[in-house]
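The following exercises concern the surface, the fold and one pocket of a protein. Each task is followed by a worked solution.

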Amino acid sequence: MDAALFSIRPEPVSYITQGVKEWEFRTKPPKIETPFKGYIYCTSVKNMPLADYVKAHKATGGRIDEWHGKVIGEFICDEIIEVSHNGFVNPFAINREVLQKGHLSNSEFLAYTDHYRKDLSALHISQLVIYDKPKELSAFYMPCNFYEKGDGCGDSDCPLYEEPDYEYGDVWHDCEGKKPIRRPPQSWCRVVEHTQNATQTESILNGLKCHFKDIICNKERICEMCTNNPPDEEKLNGLKPPLPYSYPYCPSCGEPTYSSERCVFCGQRLIREEL
């Protein structure tokens, strides 16, 4: 099922979690066929007026402090209704009391639509689930439109992208089409939740997994100079005879070698093939 991550202010979040807000509003709704899964990202409480914060704090039993800046739950959007279009309000939306059930006042509606200059759609919230423990943004990724399987990444604007250095065998970061979410969306974005069997991409979000110890690396895998890097002879393939090597991967472990003499990760000795 397709999924989208929505940034929602703390006050509407409190209404959603109480079950009194059945519709979420967007001037530019997701172009995703219903039904689809929606994830709720609660924005910061720091800019809330004090009265609104106290109200939300009381309504959520204090959990709003735990929720803000996190993904706090999910729902199924099973219907999208056009509330207003080209300055006209949809009678069907009025009959179904979409604004009232979405906790959107007339003044908020006018502000949202810039006095009917913008279109407005309502997304129906069903099958709501609030997590016992909120999730970090790093638990999700955006499917990358630039990724082509087999050719790697083609998005030079991506923070993970690096130009390949063909002379030394270095390769660009390849997120396998799973683009990290660096910051919450202003409105919404397509997302996929990482599986429990997370790949290296998930490690990129919170620091890379060390090759040599059960720890998280924050040194961007500069393994050659790392104190956790054991002597080459003690590595898995450190004592094996040399093998022919062709850019860019180790013939034994399959990792980028980062050296033309030995694989940094498994210690395999290499014989550089002539190009």
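**Exercise 1.** State how much surface the protein exposes and what share of it carbon and sulfur atoms supply.

*Solution.* The model is predicted. In this model the protein exposes about 16,400 Å². Carbon and sulfur atoms supply 49% of that area. As a further step, consider burial: of the 275 residues, 40% are buried.

**Exercise 2.** Describe the secondary structure and the sequence range of the contacts.

*Solution.* Begin with the elements: the protein has seven helices and 14 strands. Next, take the contacts between residues at least 6 apart in sequence; 71% of these join residues at least 24 apart.

**Exercise 3.** Determine which elements and residues line the second largest pocket.

*Solution.* The space in this pocket is about 330 Å³. Its lining consists of 18 residues, of which Ile8, Arg9, Pro12, Glu24 and Tyr112 are the closest to the centre. Turning to the elements, at least two lining residues each come from strand E1 (3–8), helix H1 (10–18), strand E2 (23–26) and helix H6 (106–112). By character, the lining divides into six nonpolar, six polar and six charged residues.

**Exercise 4.** Assess the confidence of the model and locate stretches where pLDDT is under 50.

*Solution.* The mean pLDDT is 80, and 76% of the residues reach 70 or more. Residues 165–172 stay under 50, and the model gives them 19 contacts beyond four places in sequence. Residues 197–207 also have pLDDT below 50; this stretch has 26 contacts beyond near neighbours in sequence.

Definitions and conventions. Residues are numbered from 1 along each chain as its sequence is written. This is a predicted model: local features need pLDDT of at least 70, side-chain atom pairs count only at pLDDT 80 or more; totals for chains, interfaces and linings use all residues. Side-chain values use heavy atoms; hydrogens and water are left out. pLDDT is the predictor's confidence in each residue, from 0 to 100. Contact means heavy atoms within 4.5 Å. On a 1 Å grid over the protein atoms alone, a cavity is a set of points where a 1.4 Å probe fits but cannot get out, and a pocket is an open set with protein on both sides within 12 Å along at least five of seven lines; lining residues have an atom within 4 Å of a point. Grid points are joined across faces, edges and corners, and a volume is the space filled by probe spheres set on the points. Helices (H or I, at least four residues) and strands (E, at least two) are DSSP runs, numbered from the N terminus. Ala, Val, Leu, Ile, Met, Phe, Trp, Tyr, Cys and Pro count as nonpolar, Asp, Glu, Lys and Arg as charged, and the others, Gly among them, as polar. Buried means under 20% relative accessible area, exposed over 50%, partly exposed in between (1.4 Å probe, protein chains only). Accessible areas come from the Shrake-Rupley method with a 1.4 Å probe; for residues, only the protein chains shown count as cover.
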